[in-house]
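Q: Got a minute to go through this one with me? I'd like to start with the cysteines.

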Amino acid sequence: MIDDGLPRIGVLISGRGSNLQALIAAVGSGALKARLAVVISNKPDAAGLAHAREARIETMVVGQRDYADRAGFDRAIAGALRTYRVGLVCLAGFMRLLGPEFCDAFPNAVLNIHPSLLPAFPGVEAQRQALEHGVKVSGATVHFVTPQLDAGPIVHQAAVAVHDDDTVESLSARILEVEHAIYPAAVQRILHESWRIEGRRVSFAGSRTP
Ligand code: GRF
């Protein structure tokens, strides 16, 4: 295992992996000063696994069917992350809820990116929910993960306009562009700036959000 002194990130995915690619690109460009130590998927056919392999990042598949219950599955993932000495966990399209035990194992060290301005439209198909609700602005949120779905303290958000002729696809594409910009930037700040959480509020010492 390479030890270059950089903070070590584990990325959890279930599918396409475009946010993983954004993290890989940010590490490559030096904008994100970290090592992507391992990418873990709960789906063996997740396209993101190929992106990780191309970038020579270690990969693992941990399928929930191999475990009797969610706690066992969570423990397996936490154990794998510990093996790779991961200090920060980034969920990037990981479609499983992580339980309290997992969150306790990585206190204030699990981030997620969600395609809406939380607390609006948590859960699946956030872009469809936003369109159907008729909002004129939506966006993306980077937040800490707690056992409650999409409800942890917010690290960063960015807004996009919702156009009258938007479809789920066009709105999702506009939001995804913003996701790819804010996720690596927020991860860099969490790793390299000083911050605190008071109640639900995350604040960075002496500077503004990216
Ligand atoms: C993104 O829209 C992310 O916000 C959500 O799941 C999607 C994952 O896309 N949590 P990708 O796998 O990163 O391309």
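**Cysteines and two other residues**

A: Sure. In this predicted model, C90 is buried, with a relative accessible area of 0%.

Q: And C103, buried or exposed?

A: C103 is buried, at a relative accessible area of 9%.

Q: How many disulfides are there?

A: The count is zero. C90 is in no disulfide, and the nearest cysteine sulfur, that of C103, is 14 Å away. A disulfide needs the two sulfur atoms within 2.5 Å, so at 14 Å from C90, C103 is in no disulfide either.

Q: OK, new topic. Where does D150 sit?

A: D150 is in the loop between β6 and β7, the latter being residues 154–161.

Q: What's the nearest side chain of opposite charge to D150?

A: That's R200, 11 Å away. D150 is buried yet has no salt bridge.

Q: What does the side chain of D150 make a polar contact with, then?

A: With the side chain of H114, at 3.4 Å. H114 is also among the residues D150 touches beyond four places away in sequence, along with N112, L118, P122, G123 and H143.

Q: Switching again: which strand is S138 in?

A: S138 is in strand β6, residues 137–144.

Q: Is that S138 buried or exposed?

A: Buried, at 1% relative accessibility.

Q: Which residues does S138 touch, leaving out those up to four places away in sequence?

A: S138 touches P115, S116, L117, A130, A158, A159, V160, V162 and I175.

Terms used: Residues numbered from 1 in each chain as written. Predicted model: local features only at pLDDT ≥ 70, side-chain atom pairs only at ≥ 80, totals over all residues. Heavy atoms only, no water. Buried < 20%, exposed > 50% of the residue type's maximum accessible area, 1.4 Å probe, protein only. Helix = DSSP H or I, 4+ residues; strand = E, 2+ residues; numbered from the N terminus. Contact = heavy atoms within 4.5 Å. Lys, Arg positive; Asp, Glu negative; His and termini not counted. Salt bridge = Lys/Arg side-chain N within 4 Å of Asp/Glu carboxyl O. Polar contact = N/O pair within 3.5 Å; in protein donor to acceptor, adjacent residues only side chain to side chain.
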